[in-house]
Amino acid sequence: MLKLLFTGLWVCAVTLGSVYFSMQYASAPVLSDAEAERRASEEYVPGEIITVPVIKDGAVQGYFLAKLSFSAKREGIAKLHAPLRQLVTDELYDLLVGSKFIDVADTGSFDLPDFKLKVKDGLNGKLGGDVITEVLVEQLEYLSKLDVERASSGQAIAYDKPAPIVDRNGNVAADKLPEAAVTASGGAH
C-alpha cells in the first residue's frame with residue numbers, strides 16, 4: 001500500500017515538474033523591433049462573403065463565393081472616403097465580373113499568389129496608395145448555375161457542394177486570420 005502511495009506521489013511530482021519547466025521554456029516567438037512596429041501599425045479587416053457572377057457568352061454560368069480579409073495600414077484606413085469593406089467589394093466586382101482572371105473550365109491556369117497580388121494592387125490603386133499590405137483568401141469557391149437553381153427550387157435532387165478553387169500549384173484558398181485579429185473582431189468569421 002505504501003509503495004502505491006509513493007508511486008502516485010512520484011507520478012504527480014514528475015508531471016508537475018514537467019509542466020513547470022515546459023511553461024518556463026515556452027515563449028512567444030521573438031519579433032524584431034521593425035516587425036513589432038509594422039504589426040502595431042496594421043489592422044486586420046475581416047471580409048464578408050460575396051457572390052460574384054461568372055458571365056460567359058452573355059449569360060451567367062455560375063457564381064464565385066469569395067471571402068477575403070485584409071491587413072491594412074491604420075493611417076491609410078483613417079484617410080479613406082468610404083468604409084474599407086464597401087471599397088473592397090466594389091473592387092472585387094470590377095476585377096472578377098466578366099473577366100477571364102479565373103477560368104472555371106481551366107482551373108489549372110489559376111495562380112493563387114498572383115490572384116492575391118492582383119487584388120492587392122487593384123485595391124491599392126483604387127485607394128490611392130499602399131493601404132492594403134496583405135490579402136488573405138479565406139474562401140474562394142465556385143457554384144454552377146444549375147446547382148443554384150436546384151437549391152433555390154427545393155428539388156430533392158442532390159447538388160454538388162461549392163467546389164474550392166485550386167490553383168496550378170495545388171494551393172487551395174484557405175488563409176486564416178491571425179488569432180489576435182479573430183478575437184479582436186469578436187470571433188466573426
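Trainee: Which residue in β3 is the bridge partner of valine 45?

Mentor: The model is predicted: local features need pLDDT of at least 70, side-chain atom pairs count only at pLDDT 80 or more, and totals for chains, interfaces and linings use all residues. Residues are numbered from 1 along each chain as its sequence is written, and side-chain values use heavy atoms, with hydrogens and water left out. β1 and β3 run antiparallel, joined by 4 bridges (two strands pair if DSSP finds at least two bridges between them). In β3, valine 45 has as its bridge partner phenylalanine 70.

Trainee: How many strands does the protein have?

Mentor: Helices (H or I, at least four residues) and strands (E, at least two) are DSSP runs, numbered from the N terminus. Their order from that end is α-α-β-β-β-α-α-α-β-α-β-α. Helices number 7. The count of strands is 5.

Trainee: Which residue of β3 stands opposite valine 52?

Mentor: β2 and β3 run antiparallel, with 8 bridges between them. Their hairpin has 2 residues between the strands, and aspartate 57 takes a positive phi near 55° there. Opposite valine 52, in β3, stands phenylalanine 64.

Trainee: How many bridges join β3 and β4?

Mentor: One bridge pair links leucine 68 to its partner in β4, valine 137. The two strands pair in the antiparallel sense. Their bridges number 11.

Trainee: Is glutamate 141 buried or exposed?

Mentor: Start with its place: glutamate 141 lies in strand β4, residues 132–144. Its side chain makes a polar contact of 2.9 Å with that of glutamine 139 (a pair of N or O atoms within 3.5 Å; within protein, one must be able to donate a hydrogen and the other to accept it, and residues adjacent in sequence count only if both atoms are side-chain atoms). Buried means under 20% relative accessible area, exposed over 50%, partly exposed in between, with a 1.4 Å probe and protein chains only. At 19%, glutamate 141 is therefore buried.

Trainee: What span does helix α4 reach from its first C-alpha to its last?

Mentor: Helix α4 covers residues 84–96, 13 in number. The expected span is 1.5 Å times one less than the number of residues. For α4 that expectation is 18 Å, and the helix comes close to it, reaching 18 Å.

Trainee: Within what arc do the buried residues of α4 fall?

Mentor: Leu84, Leu87, Val88, Glu91, Leu92, Leu95 and Leu96 are buried in α4. The arc is taken from the directions from the helix axis to the C-beta atoms. Seen down the axis, these buried residues line one face of the helix, because they fall within an arc of 145°.

Trainee: Which residues does lysine 120 contact, leaving aside neighbours within four places in sequence?

Mentor: Lysine 120 is found in helix α5 and counts as partly exposed, at 26% relative accessibility. Valine 131 is 11 residues away in sequence and 9.1 Å away in space, C-alpha to C-alpha. Contact means heavy atoms within 4.5 Å. With those neighbours set aside, lysine 120 is in contact with Ile132, Thr133 and Val135.

Trainee: What share of the residues in the protein is buried?

Mentor: Among contacts between residues at least 6 apart in sequence, 68% join residues at least 24 apart. The protein has 189 residues. The buried share of them is 30%.
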